[in-house]
Amino acid sequence: MKALDRKLWRDLWILRGQGLAIALVVACGVATVVTTRVGYESLLASRADYYARYRFADVFAQLVRAPEALRGEIAAIPGVAAVETRVVAEVTLDVPGLPEPATGRLVSVPERHTPVLNDVYLRRGRWLEPGRRDEVIASEAFAEANGLAPGDRIGAVLDGRWQALRIVGIGLSPEYVYELLGTNLFPDNRRFGVLWMSRDALGPAFEMEGAFDDVALRLLPGASEEEVIARLDRLLERWGGLGAYGRDDQVSHRFLSDEIRQNRVFGTVLPAIFLGVAAFLLHIVLSRLVATQREQIAVLKAFGYRPARIGAHYLAFAGAWVALGSVCGVLLGLWWAAEINRLYGQFYRFPLLRYAPGASVIAIAVGVSALAAIGGAGSAVRRVLRLPAAEAMRPEAPARFRPGWLERSGAAARLPASVRMIWRNLARRPGRAALSVLGIALAVAILIVGRFFVDAIEYLGNVQFRLVQREDLTVLFHDPRPVRARYELAALPGVRRAEPFRVVAARLRHGHVERRIPVFGLEPGGELRRIIAADLAAVPVPPAGVVLTTKLAEILGVGPGDALTVEVLEGERPVRTVRVAALADELLGLSAYMSADALHRLLREDASLSGAFLRVDARAAPRVYAALKHMPAVAGATTRSAALQGFEDTLARSLGVFTTVLVTFAAVIAAAMVYNAARIALSERSRELASLRVLGFTRREVALLLLGEQALLTVAAIPLGFWIGYRLCAALAASYQWELFRMPLVVSERTFAFALLVVALAALASGLAVRLRLDRIDLVEVLKTRE
């Protein structure tokens with residue numbers, strides 16, 4: 001083994017503590033990149049494969065009723081490649097073991113399994129048997145949530161008639177990768193499921209023989225979606241069309257797309273932050289570490305080693321730690337990515353969720369870390385190699401000292417000698433002190449970023465499910481009902497308050513921008529559903545005009561007082577101009593609210609209701625549920641507790657896994673930074689501290705000088721870290737402003753306290769380790785080194 005190689009192995013062993021800390025920083029950065037990017041690419045590839053294999057449609061439309069003969073006219077629209085007409089109906093289900101009424105969406109499929117748009121992938125069981133009118137295929141999420149299997153039976157109210165349905169298969173469809181009911185934003189798989197039923201059975205049950213109420217289109221490559229939708233709307237208008245829409249507005253696809261976009265943020269912004277911080281820390285640590293070996297470099301040059309050979313030796317020195325960290329990071333990242341993929345499988349229903357980590361992702365992660373390390377070590381080596389050997393072998397010239405403002409003010413004379421020495425040492429190397437402060441501040445900042453998502457999710461859940469949604473139960477009718485339906489619901493035993501609402505599908509338009517969105521008509525003074533402003537104060541329902549959520553107003557480009565075109569997509573399809581009365585600052589979804597009276601006037605109808613919010617006595621809830629199960633007019637009922645559970649199972653649970661690991665990584669990086677800063681300071685000042693010992697300073701006094709300096713740097717870094725962390729959180733919150741979900745900028749006091757605690761513990765542990773090492777310093781050996 002060559003001499004430099006032996007030196008390399010020896011140095012690696014001597015500096016194993018610092019090397020391990022650097023390797024951990026690299027491993028955390030690489031693991032973050034690998035995990036987030038693999039998760040993003042896996043989801044993207046799984047979606048593309050699923051959509052292609054099972055022919056996911058490009059355009060969708062619902063209507064009241066149209067004859068099957070219209071199918072030919074739809075197929076003749078230029079740009080249409082395939083047409084699928086269906087019967088779709090929502091019914092109340094009685095699921096064994098479920099006290100509340102569930103909602104089932106019955107979707108017609110051919111009696112014999114043939115390839116169609118939005119085809120069904122049969123996971124278990126068999127296809128429907130021709131002639132059997134009671135057989136259905138249940139969606140996998142619904143079946144799993146309720147413990148249903150092929151052969152089980154559930155009850156259903158089909159157009160007012162009770163019927164038992166037999167499950168013969170468990171299936172999936174690209175149309176329902178993410179199953180949602182109505183305007184709900186989170187899945188409730190126990191209380192909502194999709195059931196595929198024979199067209200020959202479903203059509204007669206809803207008096208739709210030879211007719212359809214739902215149509216899906218596949219477009220030719222290059223076809224104009226906008227033009228096809230416009231032509232389709234014109235065709236369906238006389239048949240009660242509710243407005244066609246493209247794939248981008250299909251609920252399941254939109255949620256999945258938002259998840260992929262969110263992953264892209266996770267896969268770019270967060271790794272960029274982690275790797276950026278890790279690269280900076282590596283630069284500081286490696287630069288100072290290599291600088292401490294200045295004399296060894298000079299000796300090597302004096303013995304005739306060429307500068308390139310010495311440079312390669314030190315790059316290998318840094319490369320060994322980076323290689324160790326990269327290997328650990330890749331393995332950790334792949335394991336974590338597999339766990340994340342398994343978690344995705346619980347939320348998004350794919351026949352096969354691909355897990356195919358690409359070599360490019362791993363290469364990028366390792367390459368960026370390696371470049372950071374090489375850059376950190378390379379700049380230090382280059383600086384030292386430029387020195388002549390004779391000059392480098394001499395101790396570095398003492399820093400130029402001149403009295404600072406503390407000495408000039410006379411205050412220094414009142415301070416203990418140890419404090420004055422600490423202050424002078426920092427003051428004569430302000431650049432180095434500033435870099436140390438910045439490094440520790442970044443460690444604090446990354447801890448705050450790691451905990452930020454926990455704060456934001458908790459805040460979001462509290463606002464949505466305690467301030468906005470205050471009802472216990474939401475009941476939705478199949479069709480608008482007369483006002484007396486409110487009193488029928490209020491008369492149910494256990495119902496303490498009932499507040500009706502009216503909701504209509506509408507297209508809101510301002511200029512050339514439009515959104516297809518339901519408009520809610522609420523009762524003024526209602527208690528169970530509130531509209532809130534940015535300061536969380538309740539926004540009163542105005543007697544006229546519409547209240548928009550700020551995100552919707554931003555999309556449409558309107559503000560309070562602006563005129564908005566509201567095109568109702570139901571009934572007589574009136575088109576009205578309505579003023580924006582106020583803005584609401586909700587964090588979930590896009591919403592538009594009006595007073596119920598104003599909405600009735602806009603629709604030119606008598607008072608009616610689409611459903612009601614109920615406050616229910618918890619002890620009487622089972623009886624209320626039992627009554628609702630057998631009310632033919634009821635299309636479904638959802639509970640706030642179930643919605644909250646759905647929220648926790650999706651956002652809180654999925655992001656919770658990310659944040660737990662991110663917080664762990666952030667804590668590791670923070671501890672590694674503080675430990676390395678203390679250890680390098682000891683290496684740099686070992687000769688100076690040994691001299692003080694020889695002059696009569698006690699071990700405690702010497703330790704106080706070193707650790708006091710580190711403590712001062714850490715204290716100075718914490719407020720700076722708080723500020724940097726908050727700004728990084730603000731940047732992340734700004735990038736999480738989707739249509740369906742907005743991340744609030746909320747950083748709690750607990751998060752600041754957590755970051756402070758982790759850094760303080762890391763500093764304390766590092767101080768103890770350095771103190772033990774300081775106590776073991778061989779004074780004679782240290783002092784004779786340079787002579």
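1. In this predicted model, Glu227 and Arg231 sit four residues apart in helix H6, which covers residues 225-236, and the two are therefore separated by about one helical turn. The pair forms a salt bridge in which the closest N and O atoms are 3.1 Å apart. Neither partner needs to be described as fully covered or fully open, because Glu227 counts as partly exposed at 38% relative accessibility and Arg231 is likewise partly exposed, with a relative accessible area of 34%.

2. A second pair within a helix is found in helix H9 (residues 307-347), where Arg342 and Glu339 lie three residues apart, about one turn of the helix. Their salt bridge brings the closest N and O atoms to 3.0 Å. Arg342 has a relative accessibility of 48% and counts as partly exposed, while Glu339, at 30%, also counts as partly exposed.

3. What does the salt bridge between Arg502 and Glu605 tie together? The closest N and O atoms of this pair are 2.9 Å apart. Arg502 belongs to strand S13 (residues 495-510), whereas Glu605 is in the loop between helix H17 (596-603) and strand S19 (608-616), so the salt bridge ties together parts that are 103 residues apart in sequence. The two ends also fall into separate accessibility classes: Arg502 is buried, with a relative accessible area of 5%, and Glu605 counts as partly exposed at 25% relative accessibility.

4. Beyond these pairs, salt bridges that share partners join Asp233, Arg507, Arg509, Glu514 and Glu567 into one network. The structure as a whole holds 34 salt bridges, and the pairs described above, including the one between Glu227 and Arg231, should be read as examples from that set.

5. Which residues does His253 contact once its neighbours within four places in sequence are left aside? They are Arg47, Tyr51, Phe56, Arg247 and Asp248. With Tyr51 in particular, the side chain of His253 makes a polar contact of 3.0 Å. His253 is placed in helix H7, which runs over residues 251-291, and at 7% relative accessibility His253 counts as buried; the class follows because buried means under 20% relative accessible area.

6. Two residues deserve a look at their backbone angles, since neither is a glycine and each has a positive phi. For Arg55 the value is about 55 degrees, and the residue is found in the loop between helix H2 (16-53) and strand S1 (59-67). For Glu207 phi is near 55 degrees, and that residue lies in the loop between helix H5 (199-205) and strand S10 (211-219). As to accessibility, Arg55 is partly exposed, with a relative accessible area of 25%, whereas Glu207 is exposed, with a relative accessible area of 56%.

7. How many disulfides does a search of the whole structure find? The search finds zero. The accessibility of two cysteines may be set beside that result: Cys328 is partly exposed, with a relative accessible area of 39%, whereas Cys729 is buried, with a relative accessible area of 0%.

8. On the surface, Leu757, Leu761, Leu764 and Leu768 make a nonpolar patch of about 420 Å². Leu757, one of these leucines, is placed in helix H21, which comprises residues 749-775. For the protein taken as a whole, the exposed area is about 33,300 Å², and carbon and sulfur atoms supply 58% of this area.

9. Some overall values give the setting for the points above. The secondary structure of the protein comes to 22 helices and 20 strands, and 54% of its 787 residues count as buried. Among the contacts between residues at least 6 apart in sequence, 82% join residues that are at least 24 apart. The salt bridge between Arg502 and Glu605 can be considered alongside that percentage, as the parts it ties together are 103 residues apart in sequence.

Key
Residues numbered from 1 in each chain as written. Predicted model: local features only at pLDDT ≥ 70, side-chain atom pairs only at ≥ 80, totals over all residues. Heavy atoms only, no water. Buried < 20%, exposed > 50% of the residue type's maximum accessible area, 1.4 Å probe, protein only. Disulfide = S-S within 2.5 Å. Salt bridge = Lys/Arg side-chain N within 4 Å of Asp/Glu carboxyl O. Patch = residues over 30% accessible without salt bridge, like charges linked within 9 Å, V, L, I, M, F, W, Y side chains within 5 Å. Areas by Shrake-Rupley, 256 points an atom, 1.4 Å probe, with all protein chains shown as cover. Contact = heavy atoms within 4.5 Å. Polar contact = N/O pair within 3.5 Å; in protein donor to acceptor, adjacent residues only side chain to side chain.
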